[in-house]
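Let's take a walk through a protein together. Keep the picture in view and follow along as we go from the overall layout to the finer details.

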Amino acid sequence: MIRLARIAVLTCALAAAAPASAQFTFTQPGAQPLPVQPLQVWDNVARINLGVGFYNASWYSCYYSWTWGWTSCSSSSYTSYIPFVFGPQIDLNVGGMNNISVGFNVAIGTVSSTWWNGSQTLSHSDNVTMWEPTFDYVAKFGPSTQDTVGRFRVGGGMYIGPDSHVGGAFRIGGGASFLNTSRIGAGVDVVIEAGSFNGYWIGGLQLQVSPEFHF
């Protein structure tokens with residue numbers, strides 16, 4: 001009877017110790033534990049932006065009559081441009097959340113203009129290709145070990161159009177990188193631009209998606 005009791009106590013002790021022993025890994029005597037592999041991260045990004053732009057420009061030649069209290073316009077013009085936009089861009093990390101972004105956009109689309117010359121309304125449309133080198137400061141939010149990282153950008157671009165007409169714009173926008181911890185990821189961006197081209201004020205919005213290569 002005493003022997004059976006001892007066997008029962010030993011069996012219960014082994015059963016209680018089994019889960020705890022499963023938490024430990026034993027190596028051969030004198031063997032070194034395997035090193036923990038560090039997580040690979042990348043701070044720089046190269047991408048190809050693909051998207052669409054929405055631009056418009058307008059001007060009015062008007063005067064206000066202080067005597068009669070009304071406004072009269074002798075001429076006016078409205079121009080719209082909705083191009084397909086694509087081009088390369090690279091973000092280079094300069095420390096922490098700070099990055100310098102250099103890119104080049106090509107916009108291809110139709111410019112449609114409508115103007116009133118004081119007596120009749122006229123319209124015209126033409127296919128136009130616009131070249132835009134860009135230079136931005138980019139602040140990224142989130143560590144490099146995070147799979148999704150947001151970003152804010154502010155900078156400038158230069159417009160180069162047909163007949164060597166030029167202009168420039170202030171740029172501000174935001175976006176995000178997805179699959180940031182992988183070599184290949186994806187990004188989205190919204191960029192607002194405001195400036196001038198060939199002497200006319202112009203404003204625009206770019207909506208872009210991009211395959212990304214992290215390095």
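Start at the beginning of the protein chain and read along the sequence: the pattern you meet is α-β-β-β-β-β-β-β-β-β. In other words, the secondary structure comes to one helix and nine strands. Keep in mind that what you're looking at is a predicted model.

Now for some overall numbers. The protein chain has 215 residues, and buried ones make up 31% of them. Take the contacts in the chain with a separation of 6 or more: residues 24 or more positions apart account for 60% of those. On the outside, the chain exposes about 13500 Å², and carbon and sulfur atoms supply 67% of that area.

Let's go inside. Which residues make up the largest nonpolar core? There are 12 in all: Tyr55, Ala57, Tyr81, Val85, Ala107, Val111, Val128, Met130, Tyr159, Ala169, Phe197 and Ile202. Three strands each supply at least two residues of this core, namely strand S1 (45–65), strand S4 (98–116) and strand S5 (121–141).

Pick out Tyr81, one of the core residues. What does Tyr81 touch, if you leave aside its neighbours within four places in sequence? Quite a list: Gly53, Phe54 and Tyr55 are among its contacts, and so are Ala107, Ile108, Gly109, Thr110 and Val111. Val128, Thr129 and Met130 complete the set.

Next, look at the rings. A pair of aromatic rings is described by the distance of the centres and the angle of the planes. This structure holds five aromatic pairs. One of them joins Tyr55 and Tyr159, which sit edge-to-face, 6.4 Å centre to centre with 90° between the planes. Tyr55 lies in strand S1 and Tyr159 in strand S6 (residues 149–160), so this pair ties together parts that are 104 residues apart in sequence. Are these two buried or exposed? Both Tyr55 and Tyr159 are buried.

Compare that with Phe104 and Trp131. Their ring centres are 6.0 Å apart and their planes meet at 50°, so this pair is tilted. Phe104 belongs to strand S4 and Trp131 to strand S5, so the parts being tied together are 27 residues apart in sequence. Phe104 is partly exposed, with a relative accessible area of 29%, and Trp131 also counts as partly exposed, at 39% relative accessibility. Going back to the tyrosines for a moment, ring pairs link Tyr55, Tyr81 and Tyr159 into a cluster.

Finally, let's head to the surface. Ile48, Leu50, Phe84, Phe178, Leu179, Val188 and Val209 make a nonpolar surface patch of about 570 Å². Two members are worth a visit. Leu50 is found in strand S1, and its relative accessible area of 35% makes it partly exposed.

The other stop is Phe178, which you'll find in strand S7 (residues 166–178). Phe178 is partly exposed too, with a relative accessible area of 35%. Which residues does Phe178 touch, not counting those up to four places away in sequence? They are Asp147, Thr148, Gly185, Ala186, Val188 and His214. Val188 is a name you've already met, as a member of the nonpolar patch. And if you trace from Phe178 to Gly150, you cover 28 residues in sequence, yet the two are 8.9 Å apart in space, C-alpha to C-alpha.

Terms used: Residues numbered from 1 in each chain as written. Predicted model: local features only at pLDDT ≥ 70, side-chain atom pairs only at ≥ 80, totals over all residues. Heavy atoms only, no water. Core = buried A, V, L, I, M, F, W, Y, C linked by side-chain atoms within 4.5 Å. Buried < 20%, exposed > 50% of the residue type's maximum accessible area, 1.4 Å probe, protein only. Helix = DSSP H or I, 4+ residues; strand = E, 2+ residues; numbered from the N terminus. Contact = heavy atoms within 4.5 Å. Phe/Tyr/Trp six-rings, centres within 6.5 Å; stacked < 30°, edge-to-face > 60°. Patch = residues over 30% accessible without salt bridge, like charges linked within 9 Å, V, L, I, M, F, W, Y side chains within 5 Å. Areas by Shrake-Rupley, 256 points an atom, 1.4 Å probe, with all protein chains shown as cover. Salt bridge = Lys/Arg side-chain N within 4 Å of Asp/Glu carboxyl O.
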